[in-house]
Amino acid sequence: MKHRGFAATAVIDFLHSGDGSGLARLIAVAWLITAALACAEPPRCESGLCPSGTTCNSTTGLCEEVHGGLDPAQVGVLGSIASVSVPGLHAAFAGWSPARQSLVVFEHGIGWKVTFVAGPSASSGEGPAGESSAMAVDAVGTLHVAYTRQSDATLWHAVAKDGLWQRVRVDVAPAGAVGSNVALAVSPVGPVIAWQAAGGGVHLSRLSAAGQWTDEVVPAPSATAAGGLPALQLGDSLDMTVTPSGVVIATYDRVEGDLVLAARAGAGWSVSRLAGTNAVTGADTGDVGLPCALARGLGGELVVAYRDRTRNRVMIARSKSGVVEHEVVATGDYVVEGTGQVRRHLIGTALDVAVLPNGRVTVAYQDASRLRVVAAVEKPGGGYYRWDVPGGDEPQAWPTIASQIDGTARLGFVALAADRSPPSGRFASWMLQQEVAP
């Protein structure tokens, strides 16, 4: 301000003087104004201190939005992909980019938009972040992302506002305490995050209307009718949804090899072993639930998709008239033509589930033996249509589903590529149309 005032005073004094021609005075005025502007530089940004989604331009000194024009195929991704449907028949996907050491979001509306939420590509100078993530959308269509940072085992929440991602660390999850898996939902009050503890177990963290995070531990299931309480170590697979009465979490107990369902309503928990242990006798019925995925239909029905590792099957569990029924979506066993020999494809090592607006279930699962993603849609009379997701000769992995209100569903997956370094693939998607699933 001192230099700017000096220059303005000099211009006024010169204009009131009687020296020089009119042209000389104009030239002098222009020179003095230029000098004044040069002396009065606006505050310049600093590397690493720009908001997420922007970077510091050292030439202009401004925080500028970056990466909005990237093609999704340009960003290598690896591992599980999170997805969510967005109002307006849009969809969003989130995943980890090993080459960029960053969490990337792909938004599909009119074309694709690529942004980075965390890591060096989101903010210059930031370390790796976003190795695992989950997505949700609130009542007004705003995107939320929960993610982990492995370097210090911390948990983070990000929300998209005005084209930028606003991030905050979830302080009730102590540094060093957060494991590999996270799930996210948005209740009428605010975001709710389920997260795996580093030593096993699942926590539920909520953001209150006052802006404070609270945390509680998901308790063990009730004892079986035969007595006894099996050992428990939850969280190796994790998904969550919000219901009018509270939240529901689907997870896996690695000790007993069971699928566990936990519902939080009011002030209490209801936790049970949905599969893997007989609820009456306590007998072991197989290793099931790794992985698992949870969906809620428009009518409020809950559906859990899970892998039955013991029998090499993809299954769903849902309540009909108050009774939980388990249905086979697909089995990996097949008969070799001409020999009658039974062989196996390893299926369900990654999966996701959605409920279409007509109430029919859609499951996307991985056939690890063929490295293909398979889409399965429930038939009107029972059973499932199944077909390979198109994608050329590239190996496919880590499917996810974003179901749309018009009855379509966008399947996202990773198309693995041998020529990428570090090893990764490109994000790819395929639209499941109504006419494809009669």
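# Surface patch, a buried leucine and salt bridges

L298 is exposed, at a relative accessible area of 64%; here buried means under 20% relative accessible area, exposed over 50% and partly exposed in between, with a 1.4 Å probe and protein chains only. This is a predicted model, where local features need pLDDT of at least 70 and side-chain atom pairs count only at pLDDT 80 or more, while totals for chains, interfaces and linings use all residues. Residues are numbered from 1 along each chain as its sequence is written, and side-chain values use heavy atoms, with hydrogens and water left out.

**The whole protein**

- The protein has two helices and 31 strands (DSSP runs numbered from the N terminus: H or I of at least four residues for helices, E of at least two for strands).
- Of its 438 residues, 47% are buried.
- Take the contacts (heavy atoms within 4.5 Å) with a separation of 6 or more: 43% of them are between residues 24 or more positions apart.
- The accessible surface comes to about 20100 Å², and carbon and sulfur atoms hold 55% of that (Shrake-Rupley method, 1.4 Å probe; for residues, only the protein chains shown count as cover).

**A nonpolar patch around L298**

- L298 sits in the loop between β19 (288-296) and β20 (302-308).
- Together with L89 and I405, L298 makes up a nonpolar surface patch with about 330 Å² of accessible area.
- Patches take residues with over 30% relative accessible area and no salt bridge, joining like charges within 9 Å and nonpolar side chains (Val, Leu, Ile, Met, Phe, Trp, Tyr) within 5 Å.

**L204, on the inside**

- L204 belongs to strand β13 (residues 202-207) and is buried, with just 1% relative accessible area.
- Setting aside neighbours within four places in sequence, L204 touches V192, I193, A194, T214, D215, E216, M240, V247, I249 and W269.
- V182 is 22 residues from L204 along the chain, and their C-alpha atoms are 9.9 Å apart.

**Salt bridges**

- The count is 15 salt bridges, each needing a side-chain nitrogen of Lys or Arg within 4 Å of a carboxyl oxygen of Asp or Glu.
- E216, one of the contacts of L204, pairs with R264 in a salt bridge whose closest N and O atoms are 3.2 Å apart. E216 is in strand β14 (residues 213-217) and R264 in strand β17 (residues 258-265), so this bridge ties together parts 48 residues apart in sequence.
- The two ends of that bridge have their own burial classes: E216 is partly exposed at 21% relative accessible area, whereas R264 is buried at 14%.
- D333 and R344 also form a salt bridge, at 2.8 Å from N to O. That pair links distant parts of the chain, with D333 in strand β23 (residues 333-335) and R344 in strand β24 (residues 342-344), eleven residues apart.
- Both of those residues count as partly exposed, D333 at 32% relative accessibility and R344 at 47%.
- E394 and R426 meet in a salt bridge as well, with an N to O distance of 2.7 Å. Here E394 lies in the loop between β28 (384-388) and β29 (396-403), while R426 is in strand β31 (residues 424-432), so to speak a link between distant parts of the chain, 32 residues apart.
- Relative accessibility puts E394 at 25%, partly exposed, and R426 at 26%, partly exposed too.
- Finally, D253, D258 and R273 are joined into one network by salt bridges that share partners.
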